[in-house]
Amino acid sequence: MEYHEKFMKEYGSIFQVHGLLGEKQIFTSDCAAISTILNDSDTFRHTEEYDTIATLIFGPGIIGAQGRQHKRLRRMLNPIFSSHNIRELTGVFFSIAHKLRDCLEGELPPDAEREINILEWTSRAALDLIGIGGAGYRFGALDGSKNAYTTAAKGLLPTLTSLTPIVPLLPYLHHLGPSQLRRFLVRFVPWPAVQRFRRIIDVMDRTAWSVYRDKKRKVREKVAVGESEGGGRDVISLAIAANENADVDSRLTDEELAAQMGGLIFAGLDTTSGALCRTLQVLSTRPDLQRRLRAEIADAKQTRGVEHGHLDYETLHGLRCLGAVCQEVLRLYPPVTWFDRTSHVDISIPLASPLTTSTGKQATSVPVLKGTTVIMSVHGVNRDKALWGADAEEFNIDRWLLPERAERRGGVKVPSVWSSLLSFGAGPRACIGFRYALLELKVVLSVLIESFEFSPTGKTVEWSLSFTQSPHVKGEDAPGMPLLVRRRAVEG
Ligand code: HEM
């Protein structure tokens, strides 16, 4: 991250860098350039490496799909992620958050604080949240169940990271004969990381198919599904039902539907657990904010009441302080700090901030040659002082609460699907699960803040960047986020 920051400070909002193999790339945090790129998904596509890896891991799912296939998938899946459907998951999410609360209570002495690796618990909760809400599948991560899929999913990102040196070769290997031949040949590659990768893909693939077949049978036979499996309101069950009713031309194949499970879990797991973990880290240093959030939740419970033991969807989203905390954490610490696209034609892209060329001229656009990869910095846009003011680098929820601050942004339109932030991307490939993620964050945070007090341990925690940001204690290899946790007496 410091590397990106250093370059942006030195070279501004758009500059050229060299990739792993010396190829020219463009790095930018310019809103007009990013908006043009993200909104033209036919010209600017994911890099070939990204598509190959995504297709190898998830099959024909949304993550690796391109062009018409991607549009078909989004047309089918977009309505499933509407506010109306996500709202229906509120009760399921609260029951997982309550289980998380009970687990943490079980770890704590009655009236003393204890150091807890909060990342371990936010990861388990995120897995159960995406398992049940996304696929109607119980991983039992909060119950401590050791599940082959859980182990595989956890190993995926570290294994991919250890494969980085061969990633640029994957598109070539991918074109090497039919997939059965590639699968057969890969068994003989004497590199442990490749074998780990192969085993992970096998487990994920087997599980996705077995879950898919089970869900399809239940949807077809209209089998009543219990709350512990998402009550039939999970994304995969809704997608199967929508597909059954779709006209023949737009209907998805079994392969396409089964492939969604892995993609959703991958996209929704480390992003959500990282965001939860980061919010708790920030709040641990702000007891004033924890008190303010508790008062807000208590007040909402008193005035709006609780149904089935929890706040309803509208009330939860009406909690202004909680909303502002989520906005500010996702602005300052976006779990996905950058993403990239490759141009498939020679094209010129506009700039919001003119660039001074080496001859001293002002350029309001830059040429992007076919084959050039453009890296877009979420971190850079979200911390741009021209948009967010002089305190852009500071955590300050007032920028969301005070109307005079909320209307700023220097007249520049930020490419975004939520809150003028680039944190969930923008355009046709923006995060399909952003409403899902926000509900997860708000449900879990409201339960944890109401039940516990969090404070820092004094250990230095660093965040490192792989595909998403992940914390670890300075000097330790394993990811972790120690916080001091103490129980509170829950009112009401
Ligand atoms: C705080 C949590 C999350 C963050 C910050 C986040 C961020 C993002 C971003 C930045 C992208 C766009 C990447 C690009 O343009 O290359 C994206 C795509 C995506 N996200 Fe999320 N995400 C989160 C949670 C979720 C959840 C919970 C789900 C599923 C339930 C999900 C599903 C997806 C999918 C399927 C895509 C690919 C969309 C496509 O290519 O059409 N995300 N996410």
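How far is an oxygen atom of the ligand from an N or O atom in the side chain of His-70? The gap is 2.6 Å. A polar contact here is a pair of N or O atoms within 3.5 Å; within protein, one must be able to donate a hydrogen and the other to accept it, and residues adjacent in sequence count only if both atoms are side-chain atoms.

Ground rules next. This is a predicted model, where local features need pLDDT of at least 70 and side-chain atom pairs count only at pLDDT 80 or more, while totals for chains, interfaces and linings use all residues. Residues are numbered from 1 along each chain as its sequence is written, and side-chain values use heavy atoms, with hydrogens and water left out.

Back to the ligand. Arg-74 puts a side-chain N or O atom 2.8 Å from a ligand oxygen. For Arg-341, a polar side-chain atom lies 2.7 Å from an oxygen of the ligand. The shell has 25 residues, and His-70, Arg-74, Arg-341, Arg-429 and Cys-431 come nearest. To be near, a residue needs a heavy atom within 4 Å of the molecule or strand.

Which elements build that shell, with at least two residues each? They are helix H4 (67-77), helix H13 (254-284), strand E5 (338-343) and helix H21 (434-451). Helices (H or I, at least four residues) and strands (E, at least two) are DSSP runs, numbered from the N terminus. H13 gives the most, 4 residues. By type, the shell splits into 13 nonpolar, 8 polar and 4 charged. Nonpolar covers Ala, Val, Leu, Ile, Met, Phe, Trp, Tyr, Cys and Pro; charged covers Asp, Glu, Lys and Arg; the others, Gly among them, are polar.

Now salt bridges. The rule is a side-chain nitrogen of Lys or Arg within 4 Å of a carboxyl oxygen of Asp or Glu. That gives 21 of them. Take Arg-331 with Glu-328, at 2.9 Å from N to O. Both sit in helix H16 (residues 320-332), 3 residues apart, about one turn. Both are buried. Buried means under 20% relative accessible area, exposed over 50%, partly exposed in between (1.4 Å probe, protein chains only).

Asp-391 and Arg-399 form another, with closest N and O atoms 3.2 Å apart. Asp-391 has 14% relative accessibility, so it counts as buried. Arg-399 is buried too, at 2%.

Glu-453 and Arg-488 meet at 3.9 Å, N to O. This pair links distant parts of the chain: Glu-453 is in strand E9 (residues 452-455), and Arg-488 is in the segment after strand E12 (482-487), 35 residues apart. Glu-453 is partly exposed, at 33%. Arg-488 is also partly exposed, at 23%.

Stay on E9. Its side chains alternate: Phe-452 and Phe-454 point to one face and are buried, while Glu-453 and Ser-455 point to the other and are not. E9 and E12 run antiparallel, joined by 4 bridges. Strands pair if DSSP finds at least two bridges between them. Opposite Ser-455 in E12 stands Leu-484.

Last topic: rings. Rings of Phe, Tyr and Trp (its six-membered ring) pair if their centres lie within 6.5 Å; planes under 30 degrees apart are stacked, over 60 edge-to-face, the rest tilted. The count is 11 aromatic pairs. Phe-93 and Tyr-436 have centres 5.0 Å apart and planes at 70°, so they are edge-to-face. Phe-93 lies in helix H6 (residues 90-107) and Tyr-436 in H21, so this pair ties together parts 343 residues apart in sequence.
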